[in-house]
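Let's take a walk through this protein by way of its rings and its nonpolar cores. Have a look at the picture first, and then we'll go step by step.

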Amino acid sequence: MIFFNKDEQLENLGLGILDATWAAFGSLARNQIALTWVVYDPPVRVNTGGALTPDAFWDHPVRGFTYRGVERIYPASVVKLFYLVAVNEWLEKGMSQTSKELERALRDMIVDSSNDATSLIVDILSGTTSGPELPIGPFETWKYQRNIINRYYQSLGWEELETINVCQKTWGDGPYGRERAFVGELLENRNMLTTNAIARLLHSIVGGVAVSSGRSQAMMALLKRPLNDLSPDSEENQVTGFLGGGLTENAQIWSKAGWTSQVRHDAAYIELPEQRPYLLVVFTEGKAQAQNRDILPFVSKLVAEAIASL
């Protein structure tokens, strides 16, 4: 069962937003965008610091809309959300110990989207390290260890996570050595996520039920993005050119963006003054879309306007 209820009102609004987006951006093909949108109707059960037990939270119905939400898409840096939750799970269970370097890497992975920081996080999660190619036997062991993150997410039993792959580091120039062998000749083992899978994970964080209430709040603190005093030419702030770019300054956003030369994505939980909070995950694919810094803010602005109409 998908975690939200499909809803006719949101479906009509969502399809209208997509139609407006295709009309405004002629180069955006129907199969180059995927979207999941979840609305929190009152009484709102999210961003309350985990006031509900996990059972009560998951039983509380929410409504949503999705377009191509089950399509497997290369997530770029949005995968870092999954590594963030996994590290907190490992720490909670005593499988890893916290340290100044781990805390620094977690912060830099989420706040600045550092690939170098992510490399350390994946090493800590899996007990593996990058390096030269390995002989067959040791490489099999290495691959098994690296897949521990996938095994953790499969163990949650969420339908949305059945098709995902989260075991690769994120790169600037790309993988070398054993990492290149691991991603596969045709990149067939690269990270893959769906907008529904990301929405469910983010939903659990904002609900205060990802790992624990305290850890969910700590994760939220890392994901918070300022909407004022942003340098307009910077992508590094993960707001300009992304979903935060379509919001007014009095909005609040918690998000993780991802972009390469081929994709531009964002996943966000958003609160507007006097409106229903909502969660929005938008993926766009294709070279032209990856370079276009207007599509995600455009979609975000239309969703914010739709929220005001509910």
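Start with a charge and a ring: the charged end of R200 sits over the ring of W58, 4.4 Å from its centre. You'll find another case at Y144, where the charged end of R151 sits over the ring, this time 3.8 Å from the centre. Keep in mind that you're looking at a predicted model.

Now for rings that meet other rings. The structure holds 13 aromatic pairs. One of them joins F3 and F4, which sit edge-to-face, with 5.1 Å from centre to centre and 90° between the planes. Both F3 and F4 are buried. Another pair brings F242 and W259 together: their centres are 5.1 Å apart and their planes meet at 45°, so this pair is tilted. F242 belongs to the loop between strand 4 (224-225) and strand 5 (252-259), while W259 is in strand 5, so the pair ties together parts that are 17 residues apart in sequence. F242 counts as buried, with a relative accessibility of 0%.

Rings can also join up in a bigger group, as F82, W90, Y152 and Y153 do: ring pairs link them into a cluster. Two of those names come back in the largest nonpolar core, which has 56 residues: F82 and Y153 have the most contacts inside it. Helix 3 (residues 80-93) gives this core its largest share, nine residues. And what does Y153 touch, leaving aside its neighbours within four places in sequence? Its contacts are F82, V85, A86, L161, I164, V166 and L201.

That isn't the end of the story: a second, separate core has 33 residues, among them L10, A251, I270 and L272.

Methods. Residues numbered from 1 in each chain as written. Predicted model: local features only at pLDDT ≥ 70, side-chain atom pairs only at ≥ 80, totals over all residues. Heavy atoms only, no water. Phe/Tyr/Trp six-rings, centres within 6.5 Å; stacked < 30°, edge-to-face > 60°. Buried < 20%, exposed > 50% of the residue type's maximum accessible area, 1.4 Å probe, protein only. Helix = DSSP H or I, 4+ residues; strand = E, 2+ residues; numbered from the N terminus. Lys NZ or Arg CZ within 6 Å of the ring centre and 35° of its normal. Core = buried A, V, L, I, M, F, W, Y, C linked by side-chain atoms within 4.5 Å. Contact = heavy atoms within 4.5 Å.
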